[in-house]
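Q: I'm new to this structure and would like a close look at a single part of it. Could you walk me through one stretch and its surroundings?

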Amino acid sequence: MATLTDQFGIQEALSKLGIQEINEGTSTGSNSFANGEIIESYSPVDGTLIAKVKASTQEDYEAAVAKAQEAFKSWRLVPAPKRGEIVRQMGEELRKYKEPLGQLVSYEMGKSLQEGLGEVQEMIDICDFAVGLSRQLYGLTMHSERPMHRMYEQYHPVGIVGIISAFNFPVAVWSWNAMLAWVCGDVCIWKPSEKTPLCGIACQNIIKTVLERNNIPEGVSCLINGRDNGDRMNTDKRLPLVSFTGSTRVGRHVSKTVAERFGNTILELGGNNAIIVSEHADINMVLVGAVFGAVGTAGQRCTTTRRLIVHESVYDKTIEVLKSAYGQLKIGNPLDSNNHVGPLIDKDSVQNYLDAIEKAKQEGGNVIVEGGVMQGEGYESGCYVKPCIIEAKNSFEIVQHETFAPILYVMKYNDLEEAIAMQNDVPQGLSSSIFTSNMREMELFLSHAGSDCGIANVNIGTSGAEIGGAFGGEKETGGGRESGSDAWKAYMRRQTNTINYGSELPLAQGIRFDL
Ligand code: UN1
């Protein structure tokens, strides 16, 4: 291992997380099914091969499903608050491992250590949320039209939930799904991204101890690795629900494939999130919201701020403030707390970033803060890029497209309705925000005539949603909702029950059927 990694305690973190067989061919976690080809996990931080992981074969996949099916039979019978207790213990375990897991997230994925730790905090938060939820899986009761009848609805677990997660939130998004699914009585099969397999293994290792000490069958939580397993899950009738986080392109395929067999999906796909900066905005607040939104996680959140729609009267000032903030950004090793921006996930992403800048220029974009790939000491992995700002039109093809990189497009408006129309005029519909201290503007933005996104914020950036709200978006973002509010309902099947406690059998709708 490179000295750089030792300097930041990665070896120690890996060993605490039970990932020990570095470069020996495989590193497997509890209940992972891995006899296939080698997947290599390289860190974008310094280009080091962190470990090799084996993919799951068709046989491995079958073994995982069989184990999950078996586990479901007993897990669904555990009372929901008792399932909540197991999830509570998982939250405790995650608290213990917050530091090393945050480090691994940062090292394997490339986000800053602060954001890595924040991601583990999201996991802890969702555990706490799920514990409370385990006593609140409510259904409604309603009055029957027939005498001496009672009607109510209840929610039952669906069975095996397939979770396909992306590299950019390699642990939190799994936990949003898994923790809710578990209190709902479901079991999970998780396929993490091929780019962050070690994060998957680490999570399995952490929760394994909780399952073991409570005598819960380990099939409640199965881990499979390798691209081919995505379609195995999508086409598998034994998985009534597939939760997919990733690109709109792949999401479209998942959606069709699962729908073909009448399975359900939760889709968290691309975003193209905008901040509207009104003439009544507090510019200092805009600064933090927009810069963190655009360059946090090196622009690789689905909630990243990609467009800034600025009122013409504050346009020059906003650009000036942004330029100076971008000038102060430190790009480098994300484990070093002095740096603001870490690397992109890999060189393909760097190429996409460069292509997007080129396209924006070709379409007439005016570069305000120059981008480029960082060279020299500390940047040997070739994955570090400069966050850039381009003055553009909303109608540019490239602006309509989500590029997973720190590129911020800025544009002017003079009327708020026009700004809202621009903000909505993209295929995606995840997150949006307005900075204003004007109550009328704020309410218009949040009204039916306002933002068409799943998330709409005021005086907060587009990223960094709390777990307590439902997370997800409209249009090409896929329509799914995860984490807080009543997102749990997607992990259960609803059953309407009507009970006749009388001695007659009256038919509904007053139909007579005399025998
Ligand atoms: C994602 O980018 O896939 O709202 C999830 C946020 C985070 C989650 C992002 N809480 O930015």
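A: Happy to help; what follows is a walk through one run of strands and helices. Please keep in mind that this is a predicted model.

Let's start with strand 16, helix 15 and strand 17, which together form a right-handed β-α-β unit. The two strands of this unit, strand 16 and strand 17, pair with each other in the parallel sense, over four bridges. For a place to rest your eye, find I434, which stands opposite V458 in strand 17.

Now look along strand 17, which covers residues 455-458. In a regular strand the side chains alternate between the two faces of the sheet. Here, I455 and N457 point to one face and are buried. A456 and V458 point to the other face and are not buried. V458, then, the residue with I434 opposite, belongs to the face whose side chains are not buried.

From here we can move to helix 14, residues 416-424, a neighbour of this unit. Its buried residues are L416, A419, I420, M422, Q423 and N424. An α-helix has 3.6 residues a turn, so residues three or four places apart point the same way. What lies over the buried residues of helix 14? Two parts of our unit are included in the cover: strand 16 (431-435) and helix 15 (439-446). The cover also includes strand 10 (273-277), strand 11 (305-311), strand 14 (407-413) and strand 19 (474-475). With strand 16 you are back at the unit where we began, paired with strand 17.

Terms used:
Residues are numbered from 1 along each chain as its sequence is written. This is a predicted model: local features need pLDDT of at least 70, side-chain atom pairs count only at pLDDT 80 or more; totals for chains, interfaces and linings use all residues. Side-chain values use heavy atoms; hydrogens and water are left out. Buried means under 20% relative accessible area, exposed over 50%, partly exposed in between (1.4 Å probe, protein chains only). Contact means heavy atoms within 4.5 Å. Two strands pair if DSSP finds at least two bridges between them. A crossover is right-handed if, with the strands pointing away from the viewer, the path from the first strand over the helix to the second runs clockwise.
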